[in-house]
Each structure stands twice: as C-alpha cells, then as structure tokens.
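Please open the model in your viewer and keep the selection panel at hand. The stops below go from the whole chain to single side chains.

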Amino acid sequence: WKSYGMAIVAAEYISGKVPVGTHDWNRFWSPDEVERMVCDVEHGGDSGSGGATGHEEKYVMKQVGLSGMVIQPPFVNLKWSLDPLDTDVNWIGAYQKQRVR
C-alpha cells in the first residue's frame, strides 16, 4: 500500500507533480515478481558462433543489483536518492545473462 499512497495519492492527487492517471497500481510489480519472471526461466538463443551448426546456447538471468529510488523530503524539491533497503515504491534492478553449463 505504500506504493499506492506515494505514487498515486501523493504524486498525482496531493502534489500534482504527476498527471492524474499516470499510474495504474494493478501494474506495479515488486522486485520479487520481476525476479521470478526474469530469473526463474532458462532461455535459449543462437550463440552466434554456433548458428550454422544449430548449436544453441542456454542461459539464465541473475539479479546483480537492486536499489530503491527514494524521494527525499521536502517532496516539493523532487530530490531522489538510491536506497538498497527501500524498494517499496520505485526501484531499479540490474540483471546479467549467465550461461547454463
């Protein structure tokens, strides 16, 4: 609910910094949800060098970074900082392709 309060109520309705209707809370994904979608799947693709022989490289994605993007009070200044412990509202993740052996 923190994400709903901060991103929709505060940003759209109270501060007016973001146009009403910008966010759809039903489409907010948590870092755990994205990690499951991205990392819990084995992918296959042409390795480039083995394309002519039909050899396919298998890989998975691993999360290598995650941090929350936190707005600092007073909120009217829109100053942001990164906080790896607060991914409740806005966050950014980095994922890296790793070969399956």
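The tour starts with the overall fold, moves to an aromatic pair and ends at a pocket.

Begin with the whole protein chain, bearing in mind that this is a predicted model, and colour it by secondary structure: the chain holds 2 helices and 4 strands, and the elements run α-α-β-β-β-β from the N terminus on. If you then colour by accessibility, buried residues make up 20% of the 101 residues, while the chain exposes about 7,500 Å², of which carbon and sulfur atoms supply 53%. Among the contacts with a separation of 6 or more, 44% are between residues 24 or more positions apart.

Next, select Tyr4 and Trp25 and show their side chains. A search of the whole structure finds 1 aromatic pair, and Tyr4 and Trp25 form it in an edge-to-face arrangement, at 5.9 Å centre to centre and with 80 degrees between the planes. Because Tyr4 lies in helix H1 (residues 2-14) and Trp25 in the loop between H1 and helix H2 (31-39), the pair ties together parts that are 21 residues apart in sequence. Tyr4 is partly exposed at 34% relative accessibility, and Trp25 is also partly exposed, at 29%.

Keep Trp25 selected and extend the selection to the second largest pocket, whose lining includes Trp25 together with Ser3, Phe28, Trp29, Ser30, Pro31, Glu33, Thr87, Asp88, Val89 and Trp91. This pocket has a volume of about 180 Å³, and its lining comprises 6 nonpolar, 3 polar and 2 charged residues.

Conventions: Residues are numbered from 1 along each chain as its sequence is written. This is a predicted model: local features need pLDDT of at least 70, side-chain atom pairs count only at pLDDT 80 or more; totals for chains, interfaces and linings use all residues. Side-chain values use heavy atoms; hydrogens and water are left out. Buried means under 20% relative accessible area, exposed over 50%, partly exposed in between (1.4 Å probe, protein chains only). Contact means heavy atoms within 4.5 Å. Accessible areas come from the Shrake-Rupley method with a 1.4 Å probe; for residues, only the protein chains shown count as cover. On a 1 Å grid over the protein atoms alone, a cavity is a set of points where a 1.4 Å probe fits but cannot get out, and a pocket is an open set with protein on both sides within 12 Å along at least five of seven lines; lining residues have an atom within 4 Å of a point. Grid points are joined across faces, edges and corners, and a volume is the space filled by probe spheres set on the points. Ala, Val, Leu, Ile, Met, Phe, Trp, Tyr, Cys and Pro count as nonpolar, Asp, Glu, Lys and Arg as charged, and the others, Gly among them, as polar. Rings of Phe, Tyr and Trp (its six-membered ring) pair if their centres lie within 6.5 Å; planes under 30 degrees apart count as stacked, over 60 as edge-to-face and the rest as tilted.
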